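Student: Could you take me through one part of this model in detail? I would like to look at a sheet and the helices beside it.

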Amino acid sequence: MRVLIPLLLCGALLTGCASRKKVFPYAYDQHDFPNGLRLITVPTDYPGVVALFIVVQAGSRNEVEPGKSGFAHLFEHMMFRGTPQYPPEKYEAVLKEAGAASNAYTTDDHTAYHTTFSKEDLERILSLEADRFQNLQYPEAVFRTEALAVLGEYNKNSSAPTQKLYEVLRDTAFDQHTYKHTTMGFLKDIQDMPNQYDYSLQFFHRYYRPEYTTIIVVGDVERKQVRTLVEKYWGNWQRGSYQAQIPAEPPLAGPRSNHIDWPTPTLPWIAVAFRGPAYSDSEPDQAALDLISFLGFSSSSELYQKLYIEEQKVDVLEAENPDRVDPYLFTVFARVKLRADIGYVQQRILETFQRFREQPVDRQKLESVKRHLRYQFALSLNNSQSIAGTLARYVALRRTPETINRLYDQYDKITPSDIQTAAQKYFTENGRVIVTLTGEGGK
């Protein structure tokens, strides 16, 4: 199947066009191979450089078996451990010779592998990546070493109060869904990970399959050439049959709270969260909450001006409403300067949520935020790598760049009434989770 989107003649932000232009302005070619692999090619005017993102729709959300959290992140490591044709040293030598920059990351919903290189090396890099996705091999001793490295990474990350705050927030907010654990996984599972060699092979063969994978190629490329090369090196990759049964999370029966006693001096933290919706580019709720995050808690908001600028009660105030495959959390984080002000800051945050429930927002402010989001997004697409990286996040959710345009169409449609309706639906006492953190000897 092939989808070709025509290049826009008017910029996404220009006025005077007959209709509202798509916020993602690049022509792209979308092609599905018989084995389920999807290829998205985006030619750009940035000369000589190609960005390759390989998105696997397997993240910590897919870790459904008890005691097996953290394996999606582990495979971010294991995928660099080589194949019979390209052991690690040879793999690195090929990248070095090509002058390529390569890395990976893991999220709740996907894992992505990305490489930036000169266009002359397109075939060599596609061949190299196809080999490790189809022929990854590692002995048990190497697996155990890498699993211990993951434990070291967990211990390093755990030295940050914010990491513990985030971990406890999720553990408090969820009971059944795999969003209960972070991408790192539960500590007890990571400690046992070196003993799970056989399961690691199972995880790889379940999820590293073409039907879970989207290849994104952005840069100085020609569509036909890219498709031919992907067919050559990836076309015989065998489709799998596994589908994870992700447990649904029941509604909260009432507000929840938790507290962390940090063992060393640190400024206090507050996380105020509410259960939110899953990502959607066809329903208004996710878009409405995105707009609320800016209206209520950005640096231009009344609350920020009050707590951060005027009263100087906090030195961090921010909200997040992440895009997730399944219903997740809308969260406000605040770092408070004095322990005695925790209750005051928490109350001001809750009052802000209450105002969204009770009062329609100013239409002019709402329209200003919409323009800001659109402009900010357009500015972020300033090179082939950033275009590919942006696409990767959305492709992980809907496997098509068109979801970006549909989402921004939802933003454009949101009214003050939609904002109030979403606030009343999600910012309820029963759906609230509050976690605080204070350090030893804090003021």
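Tutor: Happily; here is the sheet, followed by the helix packing. This is a predicted model, in which local features need pLDDT of at least 70 and side-chain atom pairs count only at pLDDT 80 or more, while totals for chains, interfaces and linings use all residues. Residues are numbered from 1 along each chain as its sequence is written, and side-chain values use heavy atoms, leaving out hydrogens and water.

The open sheet has five strands, ordered β8-β12-β9-β11-β10, with mixed pairing. Here a pair needs at least two DSSP bridges; strands are DSSP runs of E with at least two residues, helices are runs of H or I with at least four, and numbering starts at the N terminus. At the edges, β8 (256-262) and β10 (314-320) each pair on one side only. Strands β9 (residues 269-275) and β11 (residues 329-336) run antiparallel, joined by seven bridges, and Ile270 stands opposite Ala334 in β11.

Helix α11 (residues 342-358) lies across β9, β10, β11 and β12 (432-439), at about 25° to β9. Axes are lines fitted to C-alpha atoms, for helices over the stretch in contact, and angles run from 0 to 180 degrees between N-to-C directions.

Helix α9 (residues 285-297) packs with α11 at about 125°, their axes 11 Å apart. That makes α9 oblique to α11 (under 35 degrees is roughly parallel, over 145 roughly antiparallel, 65 to 115 roughly perpendicular, and the rest oblique). The contact (heavy atoms within 4.5 Å) involves Ile292, Leu295, Gly296 and Phe297 of α9 with Ile349, Thr352, Phe353 and Phe356 of α11.
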